[in-house]
Amino acid sequence: MPWNAPSPQVCELIRQGAQAVINAPAEWLDELDRATVAANPALAADPTLAAAISRTNRANLIYWATANMRDPGAQVPANLGPEPLGIARDLVRRGLDAAELDAYRVAEGEAWRRWMQIAFALTSDPAELYELLDVSSRSISTFIDATLAGISAQIELERDELTRGTHAERREVVALLLDGAPIRVQRAEARLGYPLQRRQTAAIIWTDNTAGDLSHLDRTAEAFAQAAGSPRPLSVLATAASRWVWVAGGADLDTGRLRAAIDATPDVRMTIGPTHDGIDGFRRSHFAALTAQRMLTRLNSPQRLAFYTDVQLTALITHDPQAADEFINEVLGDFRSASAQMHTAVLTFIHEQCNASRTAARLYTHRSTLLRRLDQADRMLPKPLADNIVQVAVALDALRWREANATS
């Protein structure tokens, strides 16, 4: 079908509309991401894939809009840059296929709805509006078709490359273990080269920055093993930007050494599950680490290292972010806006079983200074601290994990 150039008037309207897309408000992009991820449970359940989808959505919008700023109404070629092709790698490494790309049709529909709002704001002339929407519809549709075809082709290439390596076998065995399949322990250990009948501690290591060298993920996995006193970890590529890692053994984790390794690699984030025995522990520790990762992602938390044992309660109460926010506001009242120093004082006081002397020693502050802070907190809280200790502790802990100025 021939691609006819639109009239000069409509070309100018497309150029103006494309500029509006480039300057789209953040809430438009967030809504686009939510619609895309919600359309596919596999994407919704994996924070790393969801983040990759978000990057691709933005890349596609900018790519299409930039092309129409440069040459309004012309056919836009496929976007086969690093973001879309990165999706191909991630899907294959998670055992998924091109069927997951149907979620992009949802993104296409959401983008088209926003584009119509822009179009109706640009002109009220029926003839211009008809031509603008007709050209735009063909342009967006052919662009998405071509891009998805390119990603599908890359998926086949990635799958072919992956199945020639040892990673595919490890990923297959790990998937069977996590699914509870009746695979013999000795066979699984032989295929993985990893002991499963010992105590197991799982971690998830990932990065939100996929543009650079991702070898630091593997170095962090090695640092995790060293901190656990384990000879070497079992590491599986969950996606190009994340690793599922296990270490065997019952040694206590050297958290200071691990935090130093995380601090040395600013792009890396990590969640760690509790230690459990055997294959059941292999599964339980992994799913706990995954729950912690989902919580950090859901809350947009800046924390870079999280232990499941520290966030278990927070993960439960923040499963519904809006309800969690209402709970925090109701429990803390004006104290929510108090300084981090005040929050720390109250939370430490609770953790020290309301013993002021121990709390002051732990915070390296004078006891009278601590008592003044506690008195100020009582005046700001809706209920006195002594009458609401448990709820205040839970609310402060949830706030600590979600606040933008938190530190790891």
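**Figure 1. Buried residues and overall build of the protein.** Buried residues make up 49% of the 408 residues in this protein, and the model shown is a predicted one. The secondary structure consists of 18 helices and six strands. Measured out along the principal axes, the C-alpha trace spans about 80 × 60 × 35 Å. The exposed surface of the protein comes to about 19,400 Å², and carbon and sulfur atoms supply 52% of that area. When contacts between residues at least 6 apart in sequence are taken, 73% of them join residues at least 24 apart. The protein has 42 positive and 49 negative charges, and the mean positions of these two groups are 7 Å apart.

**Figure 2. Strand β4 and the strands that pair with it.** Strand β4 covers residues 268-272. Five of its five residues are buried, so the strand is mostly covered, with buried meaning under 20% relative accessible area. Val268, Met270 and Ile272 point one way from β4, while Arg269 and Thr271 point the other way. The residues on both sides of β4 are buried. Strand β1, residues 199-207, pairs with β4 in the antiparallel sense over five bridges. Within that pairing, Ala203 has Ile272 of β4 as its bridge partner. Strand β6, residues 305-307, pairs with β4 in the parallel sense over three bridges. Here the bridge partner of Met270 is Leu305 in β6.

**Figure 3. An edge-to-face pair of tryptophans.** A pair of aromatic rings is described by the distance of the centres and the angle of the planes. The count of aromatic pairs in this model comes to three. One of them joins Trp64 and Trp115, with 5.2 Å from centre to centre and 85 degrees between the planes. That angle is over 60 degrees, so the pair counts as edge-to-face. Trp64 belongs to helix α4 (residues 47-70) and Trp115 to helix α6 (residues 103-122), so the pair ties together parts that are 51 residues apart in sequence. How buried or exposed are the two residues? Trp64 has a relative accessible area of 6% and is buried. Trp115 is also buried, at 2% relative accessibility.

**Figure 4. A stacked pair between a strand and a helix.** The ring centres of Trp246 and Phe282 are 4.2 Å apart and their planes lie at 5 degrees, so this pair is stacked. Trp246 is part of strand β3 (residues 242-248), whereas Phe282 is part of helix α12 (residues 278-298). The pair therefore ties together parts that are 36 residues apart in sequence. Both Trp246 and Phe282 are buried.

**Figure 5. Ser235 and the residues it touches.** Ser235 lies in strand β2, which runs over residues 234-239. Its relative accessibility is 17%, so Ser235 counts as buried. Which residues does Ser235 touch, not counting residues up to four places away in sequence? The list is Arg170, Asp218, Arg243, Trp244 and Val245.

**Figure 6. Ala149 in helix α7.** Helix α7 takes in residues 126-162, and Ala149 has its place there. Ala149 has a relative accessibility of 47%. Partly exposed covers values between 20% and 50%, so Ala149 counts as partly exposed. Ala149 and Glu128 are 21 residues apart in sequence, and their C-alpha atoms are 32 Å apart in space.

**Figure 7. Two loop residues with positive phi.** Most residues other than glycine have a negative phi. Asn300 has a phi near 55 degrees, a positive value in a residue other than glycine. Asn300 lies in the loop between α12 and β6. With 67% relative accessibility, Asn300 counts as exposed. Tyr364 also has a positive phi, near 55 degrees, and is a residue other than glycine. The loop that holds Tyr364 is between α16 (356-363) and α17 (367-380). Is Tyr364 buried or exposed? At 79% relative accessibility, Tyr364 counts as exposed.

Definitions and conventions:
Residues are numbered from 1 along each chain as its sequence is written. This is a predicted model: local features need pLDDT of at least 70, side-chain atom pairs count only at pLDDT 80 or more; totals for chains, interfaces and linings use all residues. Side-chain values use heavy atoms; hydrogens and water are left out. Helices (H or I, at least four residues) and strands (E, at least two) are DSSP runs, numbered from the N terminus. Buried means under 20% relative accessible area, exposed over 50%, partly exposed in between (1.4 Å probe, protein chains only). Contact means heavy atoms within 4.5 Å. Accessible areas come from the Shrake-Rupley method with a 1.4 Å probe; for residues, only the protein chains shown count as cover. Lys and Arg count as positive and Asp and Glu as negative; His and the chain ends are not counted. The place of a charge is taken as NZ of Lys, CZ of Arg, CG of Asp or CD of Glu. Two strands pair if DSSP finds at least two bridges between them. Rings of Phe, Tyr and Trp (its six-membered ring) pair if their centres lie within 6.5 Å; planes under 30 degrees apart count as stacked, over 60 as edge-to-face and the rest as tilted.
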